[in-house]
Amino acid sequence: AVLWSLRSSAVRVPEGNVGIIIRFGAAERDAGGALATRAPGLHFKWPWEKVVLVSMMEQKIELAGEGAIRTMAADGTALRLDAALRYQPNRAMLEQFLFGLQRPLEHISTLFTCLLRNELANVQANATPPAHSVAEALPQEAGSYALIRRERGLLSTRIADFCKARIGDEHGVEFNAVDLTDILPPDELRDALNAVMQARSAAEA
């Protein structure tokens, strides 16, 4: 019993993490009522207490493959997007991150997906592509797909700013970046664009 007590009373918090003591279902708090955290290292706890480890390192939510975002552009083109969210928990808002939602990362992913779909649906083909842009190489028939490809960097910046301003404050995370890694059109549109590009190349030759 003594050996078991000693073994269950020592807890190690790895580097890059913080520990939170849970006692009878309630989190330990400091004198000011804020959530108390344990720094990396070896700590003591009572056998009836448990420790929740929270990684403070940068983490990533992948929305690719089976979890890719499927949406519709302004002209009705169905697109598939591979994206990634890079974030880390906010130390000052750990209580909101841990106890504010039952599945915070799933909620954040869903909210981000809705935001991205809304942004893409509002992209209108009303601007002239800048010189040497990606969209210059795409035929006019590409429609919203070409415009979204061209504005991918701007979309990422706008969505990242929104995530930092709104989602982070509500859910206790700091967003470092939003990456749109790939934008894929339907197979039929891809084959048609390839055929148009090949025909133009042949005509120029």
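Reader: Is Trp 46 buried, partly exposed or exposed?
Author: Happy to start there, with the reminder that this is a predicted model. The relative accessible area of Trp 46 is 44%. Buried would need under 20% and exposed over 50%, so Trp 46 counts as partly exposed.

Reader: Which aromatic pairs does the structure hold, and how is each arranged?
Author: There are two aromatic pairs. Phe 44 and Trp 46 have ring centres 5.3 Å apart and planes at 75°, so this pair is edge-to-face. For Trp 46 and Trp 48 the centres lie 5.4 Å apart and the planes are at 0°, so that pair is stacked.

Reader: Which residues do the ring pairs link into a cluster?
Author: One partner, Phe 44, sits in strand E4, residues 41-44. The ring pairs join up into a cluster of Phe 44, Trp 46 and Trp 48.

Reader: What accessible area do the residues of the nonpolar surface patch have together?
Author: Good one to look at in the viewer! The patch is formed by Phe 24, Phe 44, Trp 46 and Trp 48. Together their accessible area is about 550 Å².

Reader: Which side chains of strand E7 are buried?
Author: In a regular strand, side chains alternate between the two faces of the sheet. Along E7, residues 69-72, Arg 70 and Met 72 point to one face and are not buried. Pointing to the other face, the buried ones are Ile 69 and Thr 71.

Reader: Which residue in E8 stands opposite Ile 69?
Author: E7 and strand E8, residues 78-89, run antiparallel and are joined by four bridges. Across from Ile 69, the residue in E8 is Leu 81.

Methods:
Residues numbered from 1 in each chain as written. Predicted model: local features only at pLDDT ≥ 70, side-chain atom pairs only at ≥ 80, totals over all residues. Heavy atoms only, no water. Patch = residues over 30% accessible without salt bridge, like charges linked within 9 Å, V, L, I, M, F, W, Y side chains within 5 Å. Areas by Shrake-Rupley, 256 points an atom, 1.4 Å probe, with all protein chains shown as cover. Salt bridge = Lys/Arg side-chain N within 4 Å of Asp/Glu carboxyl O. Helix = DSSP H or I, 4+ residues; strand = E, 2+ residues; numbered from the N terminus. Phe/Tyr/Trp six-rings, centres within 6.5 Å; stacked < 30°, edge-to-face > 60°. Buried < 20%, exposed > 50% of the residue type's maximum accessible area, 1.4 Å probe, protein only. Pairing = 2+ DSSP bridges.
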